[in-house]
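Me: Please take a close look at the interior of this protein, with attention to its nonpolar packing and to what surrounds it. A connected account would be preferred to a list.

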Amino acid sequence: MRWSAGDRGNIEDMRGRSGGGGGGMIPLGIGGFIVVALLSMFTGVDFFSLLGGGGGGSASPTPVGTSGSTSAPPANASPSEERMVDMVDAVARDTQDTWRQLLGSRYEPTKVVLFRDSIQSACGYAQSATGPFYCPRDRKVYLDLGFFDELQRRFGASGDFAQAYVLAHEIGHHVQTLTGTEARVRQGQQSDPGSTNAMSVRLELQADCYAGVWGHQAAQSGRAANGAVELDPGDAEEALHAAAAIGDDRLQKMGTGRVMPEKFTHGTSEQRMTWFKRGFDSGDPKACDTFSR
């Protein structure tokens, strides 16, 4: 994947600040499911059952404070980590440029808040184990860069476009907030608690499809010459591999030895790959209607 470093205007760097503690815990994001799966696998305890299936990364718990607005980059960041920060900024910028073109005046910019270990978000207190998540209360994406190492080391989902897919997925949740989809899903879950997990799966799969919509744009040749993100051959396969690596069925089987469809919240590996590819092949958000299929 080719990209150019920018001014980090899409980043809110909180890696040098203490996250504090207390307040409500936010639901598990993508990375949280990986951690729960690993805990279950190594201890023999069914942590998925203990958590009641977890929750989507875009849930809206009671706000308990915010992370603040003053960036505080750490003094001990390695050159490789700083390059990763530039990559995150480039992907966030490019993804948002795509959605500005698609949504026009309806699009409102977001930022990626980088943190280490823990942070207090508008959706609650988050730790690294929570994984990347989007908070609709402050309309920001939160990310501990250590998740990318986990994605590669534990699950073999390597490559910068696999990382970009995760970011584009979270910005997809931002699009859902702007278009009202997130609010409608939460209202439906409140009126019909039995549909909570099923509706969460549809929301997550749509975010996967939205990530594919951006991927379609990034796959166009000649973009790198204009400072935009441009995919290299094989990049799409990286994203598909990442989607397969973090499917509910795969993580549950790794963690507990069995698959529990009633506890799905993000979709199976096959579903996640299918919907990402649907967005990638079409480049059209209208192809991402997971709620009528």
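Reply: The protein comprises ten helices and six strands, in what is a predicted model. Of its 293 residues, 55% are buried. Among contacts between residues at least 6 apart in sequence, 78% join residues at least 24 apart. The average pLDDT is 80, and 77% of the residues score at least 70. One stretch calls for caution: over residues 37-68 the pLDDT stays under 50, although the model has 102 contacts there beyond four places in sequence.

The interior is best approached through the largest nonpolar core, a set of 52 residues in which Met1, Val88, Val112 and Phe148 have the most contacts. At least two residues of this core come from each of helix H3 (79-103), strand S2 (112-114), strand S6 (140-143), helix H4 (146-155), helix H5 (160-179), helix H7 (196-218), helix H8 (235-245) and helix H10 (269-282). The greatest contribution is that of H5, with ten residues. Apart from this core lies another, of ten residues, which include Ile119, Ala126, Phe133 and Cys135.

Met1 merits a closer description, being one of the residues with the most contacts inside the largest core. Leaving aside residues up to four places away in sequence, Met1 touches Met87, Val91, Asp160, Phe161, Ala164, Val229, Glu230, Leu231, Asp232 and Asp235. The chain start is thus not the sole point at which the N-terminal segment meets H3, because Asp89, which is found in helix H3 and is buried with a relative accessible area of 0%, touches Gly6, Asp7, Arg8, Gly9, Asn10 and Ile11 when residues up to four places away in sequence are not counted.H7 is another of the helices that supply at least two residues of the largest core. Its 23 residues reach 33 Å from the first C-alpha to the last, close to the 33 Å expected at 1.5 Å a residue. Of these 23 residues, 17 are buried, so H7 is largely enclosed by the rest of the structure. Ala198, found in this helix, is partly exposed at 46% relative accessibility. The C-alpha atoms of Ala198 and Glu262 are separated by 8.3 Å, while the two residues stand 64 apart along the chain.

H7 also takes part in the lining of the largest pocket, to which H5, helix H6 (181-191) and H7 each supply at least two residues. This pocket has a volume of about 190 Å³. Its lining consists of 13 residues, and Thr179, Thr181, Gln206, Tyr210 and Pro285 are those that lie nearest the centre.

Two loop residues complete the account. Asp117 is found in the loop between S2 and strand S3 (118-121); its phi is near 75 degrees, a positive value in a residue other than glycine. At 57% relative accessibility, Asp117 counts as exposed. Arg139 is found in the loop between strand S5 (133-135) and S6, and this residue, although not a glycine, has a positive phi of about 55 degrees. Arg139 is partly exposed, with a relative accessible area of 32%.

How values were computed. Residues numbered from 1 in each chain as written. Predicted model: local features only at pLDDT ≥ 70, side-chain atom pairs only at ≥ 80, totals over all residues. Heavy atoms only, no water. Core = buried A, V, L, I, M, F, W, Y, C linked by side-chain atoms within 4.5 Å. Buried < 20%, exposed > 50% of the residue type's maximum accessible area, 1.4 Å probe, protein only. Helix = DSSP H or I, 4+ residues; strand = E, 2+ residues; numbered from the N terminus. Contact = heavy atoms within 4.5 Å. Expected span 1.5 Å × (residues − 1). pLDDT = per-residue confidence, 0-100. 1 Å grid on protein atoms, 1.4 Å probe; cavity = no way out; pocket = protein on both sides within 12 Å on 5 of 7 lines; lining within 4 Å. Points joined across faces, edges and corners; volume = space filled by probe spheres on them.
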